[in-house]
Amino acid sequence: MLRAFILCLLLSVSAFGQKPTFTVGWSIYAGWTPYHYLNKSGILRKWADKYNITIKVQRFDYAPSLDAFVAKNIDACTMTNMEALDMPAASGVPTTAIIVGDYSNGNDAVLVRNGLTLGGLAGKKMLLVQKTVSEYLFDRAMTINNLRAQIKSVQMVNTSDSDIATAFLSDTSASAVVTWKPLVSQILKQKGITSLFNSSQIPGEILDLTVVRTDILNRPDGSGQRFAKALTGAWYELMGLMSGPGADKVLASIGEGSSDTLASYKEQLSTTKMFYKAQEAAAFGESADLKTKMELVRQFCFTHNLLGNNTKSVDDVAIRYPDGSVQGKTNQVRLQFDTSWMQMAAKGTL
Amino acid sequence: MTSAFSLIHSKPGRTFDTALSWLLFAAGVGIYLYVAQARHAENPEERVTPTVTQMVNGFTDAALKPAEDDEATLPENASVFRRFPASMLWKDTKATSRRFFYSMLLLIPAVLLGLHMGLFPYVRVFFLRFILFFDKIVALSLLPILFIAFGIDELSKVMLIVIGVTPTIILDTFNLARGIPPEQVTKAFTLGAGDFDVAYRVVLKQLMPNVLNSIRLNLKAVMLFLFAGEMIASTDGLAYRIALLRRHMGMEIIIPYVLWVALLLFLVDLSMRVINRKLHPWFREA
């Protein structure tokens with residue numbers, strides 16, 4: 001009896017040793033719902049088997065997924081470039097972006113009632129989830145139109161994204177709302193509401209990434225590297241299916257992950273610039289453009305106190321790019337863009 | 001020796017008593033400090049479990065500096081007494097207390113309704129079934145309807161509390177009123193009291209201490225609904241600040257804020273207990 005138990009224990013320990021397990025967290029968004037399909041279709045399992053690891057996929061609400069990643073409960077997570085910087089990176093959890101999936105190309109928008117203009121928003125009530133890409137988008141909209149000085153006089157109401165659409169539609173005293181799809185489409189259906197500014201006017205600034213904790217990638221047994229390879233390989237296999245012939249069937253199946261119909265999922269994709277080819281994604285990750293955009297984002301995060309009250313300088317949370325250059329203090333790198341796995345996918349060496 | 005084993009009759013000494021009552025606090029604080037220290041040793045920039053110094057700094061800033069969306073109007077060297085009323089903490093506390101106060105006021109009609117339901121059969125028939133049903137409604141899931149009916153400003157937040165808490169208070173008062181011995185009512189009538197004399201001067205008077213206690217027990221529910229309302233849509237308030245700070249794990253302010261709320265609720269509870277004792281010295285807790 002005892003020997004059987006010890007045998008069991010030894011077997012399970014060695015089994016554990018043989019197959020490291022990793023968890024990916026994702027939340028509902030046009031560019032991330034593919035994870036639902038990756039898991040369901042067995043594509044991810046195939047790649048995990050190839051690299052002799054186990055990959056679990058778990059769906060979260062967005063904010064809890066960030067919390068779980070910061071608390072190190074999950075190993076990889078989907079998030080925007082802004083949250084990657086102000087949540088894990090700023091909390092001292094070094095983070096590496098291994099897949100640049102897409103950028104918002106109209107998914108996020110500033111909507112108003114009664115034909116207001118950006119210049120007429122001063123003193124008006126605006127609903128948004130404060131301190132997120134929504135506020136960033138509004139900030140950029142005002143900056144581009146030389147209205148920066150008026151930002152402070154807009155009366156921002158912090159509104160939970162689960163209620164923002166109904167809140168805006170039912171309360172006519174709110175003049176403007178900043179939110180994202182599919183809520184944007186839902187709000188725009190109402191008469192008299194127009195879109196003033198959307199993320200296609202700031203292309204490449206709101207990036208949707210898959211990030212992994214850097215310490216996972218640096219595991220001495222190399223299992224973290226295998227995890228990144230398996231994940232990237234599976235991702236680009238699916239990207240091929242999504243953009244190839246007969247894609248509708250795959251897209252419909254992905255849409256189920258967010259309870260969207262094929263039409264509605266396609267509509268969301270039309271304002272999402274997906275990098276279907278690993279080559280494109282890697283090229284974007286290595287471009288000088290990325291640095292200029294991240295500079296805007298990190299300055300926004302710092303001036304809005306999102307890097308933490310104890311962060312005295314924007315350079316304390318530094319970003320490293322694939323060419324080795326660093327924004328901020330070189331000994332304080334917390335966020336990295338690493339295109340090596342996307343490059344491998346592009347060359348077909350995964 | 002035998003008496004030592006009689007647990008129900010044991011009489012712990014004063015010092016021991018005090019020490020024992022603080023033991024769980026000490027354990028809680030100790031475990032927190034240990035975990036925080038361990039996490040900070042592993043990652044100096046850790047934000048989920050701030051150290052005591054970080055929390056003290058965070059709270060001092062909150063209590064002395066204006067919120068970041070407000071302009072700093074006071075000179076750097078202004079005294080603490082001038083800086084506190086302009087601070088973020090004071091602004092949030094004021095906003096939340098105002099909403100709290102209005103919803104407490106709205107509990108008065110609830111008590112009166114419960115009383116009338118307990119005494120007047122027609123009122124009871126009219127309301128009871130509906131309120132029993134209404135009491136089971138999970139108010140939070142009806143938010144979109146609340147927004148349409150009451151907008152997204154103050155009114156909807158106060159109404160959320162009213163819908164969430166008043167049915168409990170009404171039903172509790174109703175039950176208490178039903179529990180008054182009918183002999184007393186009859187007696188009052190024989191002494192020449194009218195219907196409303198009986199209601200307000202005989203029954204309500206006796207109910208009041210119990211009603212106050214039941215409101216005290218519901219303070220937490222009131223706060224819970226208020227927090228939910230502030231987190232859903234607002235521009236100020238304690239829960240608004242917590243919701244904002246959560247976006248970047250500002251735990252060094254969130255934890256002190258939560259303790260501050262606990263302290264305020266404790267003070268409200270304490271003052272209600274004291275008032276209850278002053279107003280109804282004849283009352284003995286059952």
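For the pocket lining below, Ala, Val, Leu, Ile, Met, Phe, Trp, Tyr, Cys and Pro count as nonpolar, Asp, Glu, Lys and Arg as charged, and the others, Gly among them, as polar. This is a predicted model, where local features need pLDDT of at least 70, side-chain atom pairs count only at pLDDT 80 or more, and totals for chains, interfaces and linings use all residues. Residues are numbered from 1 along each chain as its sequence is written, chains are lettered from A and ligands numbered from 1 in the order in which they are written, and side-chain values use heavy atoms, with hydrogens and water left out.

**View 1. The largest pocket takes lining from chain A and chain B.** About 1200 Å³ of space sits in this pocket. A pocket here is an open set of points on a 1 Å grid over the protein atoms alone, with protein on both sides within 12 Å along at least five of seven lines; a lining residue has an atom within 4 Å of a point. Grid points are joined across faces, edges and corners, and the volume is the space filled by probe spheres set on the points. Of the 42 lining residues, A:Asp61, A:Tyr62, A:Ala63, A:Asp161 and A:Trp180 are the closest to the centre. Two or more residues each come from α4, α5 (81–86) and α8 of chain A, and from α11 and α12 of chain B. Helices are DSSP runs (H or I, at least four residues) and strands likewise (E, at least two), numbered from the N terminus. The largest share, 5 residues, belongs to α4(A). Sorted by class, the lining has 19 nonpolar, 10 polar and 13 charged residues.

**View 2. A closed cavity sits among helices of chain B.** A cavity is a set of grid points where a 1.4 Å probe fits but cannot get out. The structure holds 1 cavity of 30 Å³ or more, and the volume of the largest is about 60 Å³. Helices α7 (143–150), α8 (154–178) and α11 (219–232) of chain B each supply at least two lining residues. Look for B:Leu143, B:Phe147, B:Lys157 and B:Ile232, among others in the lining. By class, that makes 6 nonpolar, 2 polar and 1 charged residues.

**View 3. The largest nonpolar core centres on chain A contacts such as those of A:Phe138.** A nonpolar core is a set of buried Ala, Val, Leu, Ile, Met, Phe, Trp, Tyr and Cys residues joined through side-chain atoms within 4.5 Å. This one has 101 residues, and A:Phe138, A:Phe227, A:Met242 and A:Phe337 have the most contacts inside it. Helix α10 (residues 223–243) of chain A gives the most, with 10 residues. Domain 1 (19–103 + 205–347) and domain 2 (108–201) of chain A both contribute, so the core lies between them; the bounds come from an automatic or database domain assignment.

**View 4. Three backbone spots worth a zoom are A:Pro182, A:Lys72 and B:Met249.** A cis peptide bond, omega about 5°, joins A:Lys181 to A:Pro182, in the loop between β8 (174–180) and α8 (183–188) of chain A. A:Lys72 has a positive phi near 65° and is partly exposed at 32% relative accessible area. B:Met249 has a positive phi near 55°, but is buried at 8%. Buried means under 20% relative accessible area, exposed over 50%, and partly exposed in between (1.4 Å probe, protein chains only).
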